[in-house]
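Biologist: Please take a close look at the empty space enclosed by this model. Where is it, and what surrounds it?

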Amino acid sequence: MTGVIRQEPAQARGRRRKDALLDAAVDLLERGGSAQVTHRAVADRAALPLAATTYYFRSREDLLTQAFTRLVARGVAAVRERLRPVAGAGPAAVADVVVGALAPFDEAERSRHLALCELYFQVGREPAFRPLARTWSTVRHEAVTEVLRQGGYPHSPADVDILVAAVEGMIAQDLVEARPGTIKTMVDTVTRLLRALRATAPSGSPARPPEPTARPSESTARPPESTARPSESTARPPEPAARPWEPAARPAARPSQSTARRPESTAEVDRTASRPVPAARRPYDETDAPSAL
C-alpha cells in the first residue's frame with residue numbers, strides 16, 4: 001500500500017528525545033558550566049517542550065549527573081582514540097603521544113576540559129559525582145601507563161601519578177592564562193621526566209655502570225682501631241728512680257704540729273729557766289685592811 005506513513009516506535013522516539021536533551025545539557029556544561037543547566041534551559045536548547053525534561057529527569061541533580069556522565073564518556077573516548085603505538089620511539093616522540101592524549105588542542109576541547117575541571121570541584125560539594133571524577137582520572141592514568149609500557153619505560157604507579165599531575169597542572173594553567181607555546185612546554189617537560197625515569201630505573205632499562213663500592217683511597221681496609229688507647233690499655237709504668245742530683249729519699253711526712261716545737265738555741269733555754277716564778281697569791285686577811293683614821 002502506498003502513501004502509508006510508518007510511525008516511529010515510541011521507545012525509539014523516547015530514546016531520541018532523551019539523547020537530544022542530554023546533548024543540550026552537555027553543550028550548556030561546556031559553554032557556561034553547571035549553573036547554566038536547568039530544565040527550562042535544556043528544553044529550549046533541544047527545542048523540546050519543558051515537560052520533556054521533567055519526564056525524563058526527575059530532578060535537576062539527576063539531569064546534571066547524567067550530563068556529566070555523558071561528558072566523561074566523550075572525554076574517555078577522545079583519550080583512547082589518540083593513543084598511538086610508541087614501541088621503539090624516543091623520549092620526545094613518547095612525550096608527544098602522552099600530551100596528545102591528555103591535553104586539549106582546539107576550542108571545543110578546551111571547553112570540555114573546563115567542564116571536566118568543574119566536575120572535580122563539584123565533587124567537593126556533591127560527593128555523588130565522585131565516581132564520575134574517578135572514572136575520568138582512572139582512564140587518563142591507564143592511558144599513560146599503556147604508553148610507558150609500550151615505550152619500555154620502567155615505572156611505578158607513583159611515576160604515572162607524577163606524569164599525569166605534571167600534564168594536568170600545565171593544562172589548568174593554560175586554561176586560565178592561555179599562554180602561547182603551552183603544548184611545546186608540556187612535551188619538553190614530559191620528555192625530561194621520561195629521561196629521568198630511564199636514568200633512575202633499577203632494572204629493565206640500559207644498565208648504567210655500577211658504582212664502585214668504595215673510593216680508591218678507601219678500597220683497602222683500615223687497620224682496626226684498638227679498643228683502648230695506649231696510655232689506658234696497660235697500667236702506668238713505675239716512676240723512674242731518683243736522679244743523682246736529687247736526694248736519695250724524701251721524708252715520708254712532716255712532723256705533726258701537735259708535738260712541741262724544739263728550741264732554736266741554748267740561749268732560749270737559759271732565758272726560759274731564768275724567769276722568776278711568780279709567788280702564789282695568799283688569801284685575803286683582815287690585817288691587810290687600812291686602819292681607821
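Modeller: Start with the second largest cavity, where helices H5 and H7 each supply at least two residues of the lining. The model is predicted, so to speak of local features requires pLDDT of at least 70 and side-chain atom pairs count only at pLDDT 80 or more, while totals for chains, interfaces and linings use all residues. Residues are numbered from 1 along each chain as its sequence is written, and side-chain values use heavy atoms, without hydrogens and water.

A cavity is a set of points on a 1 Å grid over the protein atoms alone where a 1.4 Å probe fits but cannot get out; lining residues have an atom within 4 Å of a point. Helices are DSSP runs (H or I, at least four residues) numbered from the N terminus.

The second largest cavity has a volume (the space filled by probe spheres set on the joined grid points) of about 30 Å³. Its lining consists of Leu83, Val97, Val98, Ala101, Leu102, Ala143, Val144 and Val147. Helix H5 gives the largest share of this lining, 4 residues. By class, the lining of the second largest cavity has 8 nonpolar residues, with no polar and no charged ones; Ala, Val, Leu, Ile, Met, Phe, Trp, Tyr, Cys and Pro count as nonpolar, Asp, Glu, Lys and Arg as charged, and the others, Gly among them, as polar.

Searching the whole structure turns up 2 cavities of 30 Å³ or more. The largest cavity has a volume of about 50 Å³. Around the largest cavity are Gly75, Ala78, Val79, Arg82, Ala101, Leu102, Glu109, Arg112, His113 and Trp136. Ala101 and Leu102 thus appear in the linings of both the largest cavity and the second largest. Helix H4 (60-82), H5 and H6 each supply at least two residues here, and the largest share, 4 residues, comes from H4. The lining of the largest cavity has 5 nonpolar, 2 polar and 3 charged residues.

His113 leads on to the largest pocket: His113 lines the largest cavity, and with Cys117, Tyr120, Glu168 and Ala172 is nearest the centre of the pocket, which 13 residues line. A pocket is an open set with protein on both sides within 12 Å along at least five of seven lines. The largest pocket holds about 250 Å³ of space. Helix H6 (107-125), helix H7 (130-151) and helix H8 (157-177) each supply at least two residues of the pocket lining, with H6 giving the largest share, 6 residues. By class, the lining of the largest pocket has 10 nonpolar, 1 polar and 2 charged residues.
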